[in-house]
Amino acid sequence: MSEVRKFTKRLSKPGTAAELRQSVSEAVRSSFVLEKTKVVEPLDYENVILQRRVQIYSDPLRDLLIFPIEDVSISVIGRQRRTVQSTVPEDALKKAQSLFVKECIKTYSSDWHVVNYKYEEYSGDFRMLPCKSFRPDKIPSHVFEIDEDFEKDEDSSSLCSQKGGVIKQGWLHKANVNSTITVTMKVFKRRYFYLSQLTDGSYILNSYKDEKISKESKGCIFLDACNDVVQCPKMRRYAFELKTIDKYSHYLAAETEQEMEEWLVTLRKIIQSNTESLVQEKKDAVESVQDDESSTQGKSENILESLERSMHPELMKYGRETDQLNKLSRNDGRQNIFSFDPEVQRLDFSGIEPDVKPFEEKCSRRFVVCCQDFSLNLLAQLSDRAEEGPTNVEPFFLSLALFDLKNNRKISADFHVDLNPPCVRDMLLDTPEPGAEGTQGRPPGESLVHGVPESCLRYIRRGVFSVTDPHVEIFLVARVEKVLQGSIAHCVEPYMKNSDPGKTAQKVHKVAKQVCSRLGQYRMPFGWAARPVFKDSQGTLDADGKFSPLYKQDSGKLSNEDMLKLLAEYKKPEKTKLQVIPAQLNIIIKDIPLDFTNCVTASYIPIKPFEKGCEDVAVEVEELVPEVAKYCYPFTVYKNHLYVYPLHLKYENQKVFAKARNIAVCVEFRDSDDADARPLKCIYGKPGGPLLTANAYAAVLHHNQSPEFYDEIKIELPIHLHQKHHLLFTFYHVSCEINTKATSKKQDTVETQVGYAWVPLLKDGRIVTLERQLPVSSNLPASYLGLADPESRKPSVDAKWVDGAKPLFKIRIHLDSTIYTQDMHLHKFFQYCQLVQAGAKEVPGELVKYLKCLHAMEIQVMIQFLPVILMQLFRVLTNVTQEDEVAVNCTMVLLHIVSKCHEEGLDHYLRSFIKYVFRAEKPSAKQAKMTHEILVLSMATILKQSADFLAINKLLKYSWFFFEALAKSMAMYLLEENKIKLPRGQRFPESYQHALHSLLLAIIPHVTIRYNEIPEESRNVNFSLANFLKRCLTFMDRGFVFNLINDYISGFSPKDPKLLVEYKFEFLQTICNHEHYIPLNLPMTFSKPKLQRVQDVNLEYTLTDEYCRHHFLVGMLLREASVALQDNYDIRYTAISVLKNLLIKHAFDNRYQHKVRPTLLAF
């Protein structure tokens, strides 16, 4: 016996073959010395295109060699509004004087400017191609023996691979057939049978000891060898016989008659199917033989060959057409080979960035509150018309707002509702409405507010609320007020009595009529009710929830802070001591339907869709969003509201006025402190009155010298604010006594003035909204704004201060404006820019100081005014003179904003800004550089500053923003200046090319040297730079861009670690994904000397230096891949994946499907 070799012996051990192959592979690879690929200078692309113009244009496949015309363009997209008309007032820009306000107005009214790349869909990997149908509908799954897991049971694996799977299974008794035993002596054994279909379509019947498939089958019957199945009751009860073609039989028996019938039906169907297919195969075979015999007739040549020798032209034409049809039919249904690639089969789109959307208004959780009815237990028939039924005996007024108990704050503005029927409203007809001079008797529908009749907006009953952060501890609170009459306890008492409601109702109504005619413009607190809004934190509405009982309002617990405490008490009904007023409050909360119509904004601007002539209008209620970055969003619409909250007046120690108990505070907004100045009609009125009034009153507390207030006064601010704009508060003592015998003169003295307070709206040019403590003056002297600052508490000879000028009156102001900022640093920056713009002389270093101060800007302000701030910074950057420090500091502020947005997870706003808002404006000074020229220089300067590594790392990490801005600036420069028609070498100045090269050289060491220290930053800048250079191939001299690519790749080495190799191939893959990759590689032959062509006819398709020079991108990719193939598995895999994905992309690129074989396109 010959000796067995050691190699063969080792192969007997499982898995050693793979180990041997790996060790041999490593040994061979270690002996191969990795050499750096030779640097090949690319050709002068533009020059070659020019010289070979005739050859290119005469080429039948010239589309593969020429960049398409109008490859890039600018489109202006109209701003999509959800309102019927723009939220910006028509004359807003004319009225605005502040630079910041002007820029905000321009931002909200301008259209989007988008740079379109005609073939952008082809500029990514194959998953981004417009034709997404890579996978065929049905691809048969191939199972090979080598792929099967032999560790599993053989029968289990065979069943898993069966074509049709298990068709039927169950217990049967099988006869143990032996030639020495007679039929009657046959022994039946109980076995579990599986009837299955195999991959070739045949059927097999396997038997096992039990239901669990054991390692070994106890027998099998191939049904394609059976020709019949019959019952044999004589053999055994429920028995049947399976007859085979070779006269052999299998005897089986079921346990019940039903099971036997099921087995017989199934087996007969299979046998019949097998028989029919066998007959058809024989028939086809006979016909095929007959056709062959009749057609050949001993001739060995085919039809086409015989027709070519024919002299008949029609026959020759027919032969050629037939051959062409055969060729087409062969391709019919043929799959692209790359359809079977696992990556294509998986087709994972997770890595593809979502489409960038333009800025739009924030979409919070919205719901509608429908107020239907409010009734107490004292009802009377006040109307002459019986169909109206009994109503409340006096007017009541509702205001609804949302309170957040978890975060302890009010989160919505007030929604005022008047549910009084007409007959009750008539009780107030004789009352002069505050600020309603000249409005009485106006015909309804005569006045239009933003195209909507004012009469439709007077009694709105539906309010649309928004909640950014829904949770279960948000409550809808309804406060109930009535006309001022007396103390709360006195007014509530009749409604809490149960005796003689009819008589009590008439008595209350009689008094109410007198009160309404005299004090109808004053309100007093009455009660409150609350209900939860959401079931969970996902925003599911608690639509079935109901309001709490109507609780009596405690005169000492009126503030919002007190209301939050009351809500906490309301949540624990077992501990509550609140007094209940019997009442029915019918208010419904529901989701906004898809077909929701006839709604207006909080400024009464109609929202699409809005029907003309509608009566039932809904109004949006402003959400008071907390000043937190995650809840902020860039403003897109004009809004300019101021909310004023009188909080508290301490008058218990005043000695100036004899009577100051029923104190009403009247709020006015004025633009002058002259003696004859009038208040501006800009305060939003209550239901039933004019929409905008000149003053507003807070609710009055009876006999209280230190009243608390909870009212919210909403003001529409003018577009331009100056130093004279201020809030004026006038305090009145209201006489609540009703004396029917008094003379009309005494009756008129309802209110007595008991003090004034005022506060300028602007401080150092910006609105200050902190909580303020104001002194009160007993008189209103002329030019009162010019007096000493009330907050300084210095006495003035003109003003007669109450209680020694102590801060007696407490207020809070909330600004809800998209054109004014409260941030001091942002305000001063724009203020200085406006001075310079107006022609003021620039102070050296002053602008740099204001730019550096912007680093202290609040993050929420930064996000809210993001487009305005970024555009102004780019504007400053473009108009920079020779002062490099300004440009660098401007870029540093941009970098700070970009990094903050990323840290808050709001980088999608930056992408929206670059795509839709950013416009590279022309510099105002002559000979000044364009935005992209200045920005490139600033980026290079920052990267070369070795001291500030934090700024360098941020610039590398978020470099995409700056490269995208460069690309858009370049595109707009070419298109708007009509430079796109110039030869590529003349489009950009040589200085810009030098700047780009300098930036590239500044980036390289941060990638190739610092990659281990800053892996995320280096990977980001590697990818961003690749995308930018890919865009430059569309704009610039392509030969110059090739040189930039060459210089960058030259920074890598064959001995680089795996991470750097990945960077290199990511860079190359991004570049090679250019939408015009084929023309960039010049897929045409380059002429050579005759001797060289004779020596090697295939030299053009060999990876020589000439090949890599002529076909630069593919040559570089293939050379780098050839080196990578000598490296370890991971690097080989990376290189091959890049090549494969490029092949897949061009195989499915529908631009080249019918022009040339797609598989040759990539190389």
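Two strands count as paired here if DSSP finds at least two bridges between them. Helices (H or I, at least four residues) and strands (E, at least two) are themselves DSSP runs, numbered from the N terminus.

Keep in mind that this is a predicted model: local features need pLDDT of at least 70, side-chain atom pairs count only at pLDDT 80 or more, and totals for chains, interfaces and linings use all residues. Residues are numbered from 1 along each chain as its sequence is written, and side-chain values use heavy atoms, with hydrogens and water left out.

**Stop 1: the four-stranded sheet**

Select E31, E28, E33 and E34. In that order they make an open sheet of four strands, with antiparallel pairing. Strand E31 (695-697) and strand E34 (751-760) are the edges; each has a single partner strand, so one side of each has no neighbour in the sheet. On average, neighbouring strands here are turned by 20 degrees against each other, direction ignored (axes are lines fitted to C-alpha atoms, for helices over the stretch in contact, and angles run from 0 to 180 degrees between N-to-C directions).

Now zoom in on E28 (residues 663-670) and E33 (residues 726-734): eight bridges join this antiparallel pair. For one facing pair, pick Ala664 and find Tyr732 opposite, in E33.

**Zoom out: the whole chain**

Show everything as a cartoon. The protein chain holds 34 helices and 38 strands. Of its 1163 residues, 49% count as buried, where buried means under 20% relative accessible area, exposed over 50%, and partly exposed in between (1.4 Å probe, protein chains only). Turn on a surface and you have about 59900 Å² of accessible area, 51% of which belongs to carbon and sulfur atoms; the areas come from the Shrake-Rupley method with a 1.4 Å probe, and for residues only the protein chains shown count as cover.

If you like contact maps, define a contact as heavy atoms within 4.5 Å. Among contacts between residues at least 6 apart in sequence, 75% join residues at least 24 apart.

**Stop 2: strand E5 and its neighbours**

Go to residues 203-208. Is strand E5 buried or exposed? Six of its six residues are buried, so the strand is largely enclosed by the rest of the structure. Colour the two faces separately: Tyr203, Leu205 and Ser207 are on one side, Ile204, Asn206 and Tyr208 on the other, and all are buried.

Add E4 (residues 187-197), which runs antiparallel to E5 and is joined to it by six bridges. Tyr194 has Asn206 in E5 as its bridge partner. The two strands form a hairpin with five residues between them, and Gly201 in the turn has a positive phi of about 95 degrees. Then add E6 (residues 219-222), which pairs with E5 over four bridges, again in the antiparallel sense. Here Ile204 sits opposite Phe222 in E6.

**Stop 3: the cores**

Next, pick out Phe729, Phe809 and Ile1045. They have the most contacts inside the largest nonpolar core, which has 195 residues. Such a core is a set of buried Ala, Val, Leu, Ile, Met, Phe, Trp, Tyr and Cys residues joined through side-chain atoms within 4.5 Å. Helix H25 (residues 959-976) gives this core its largest share, twelve residues. Another core, of 82 residues, lies apart from it and includes Cys423, Val483, Val621 and Tyr684.

Centre on Ile1045 and show what it touches: leaving out residues up to four places away in sequence, that is Leu1029, Phe1067, Ile1071, Phe1112, Leu1113 and Met1116.

**Stop 4: salt bridges**

Search for a side-chain nitrogen of Lys or Arg within 4 Å of a carboxyl oxygen of Asp or Glu, which is what a salt bridge means here. The whole structure gives 38 of them.

- Asp616 and Arg462: the closest N and O atoms are 3.4 Å apart. Asp616 is in the loop between strand E25 (606-607) and strand E26 (618-620), Arg462 in strand E18 (residues 462-467), 154 residues apart. Asp616 is partly exposed at 44%, while Arg462 is buried at 15%.
- Asp907 and Arg911: 3.9 Å between the closest N and O atoms. Both lie in helix H22 (residues 907-917), four residues apart, about one turn of the helix.
- Lys1058 and Asp1130: 3.6 Å between the closest N and O atoms. This pair links helix H29 (residues 1058-1072) to helix H34 across 72 residues.

Finish by adding Arg1019, Glu1062 and Glu1066, which are linked with Lys1058 and Asp1130 in a network of salt bridges.
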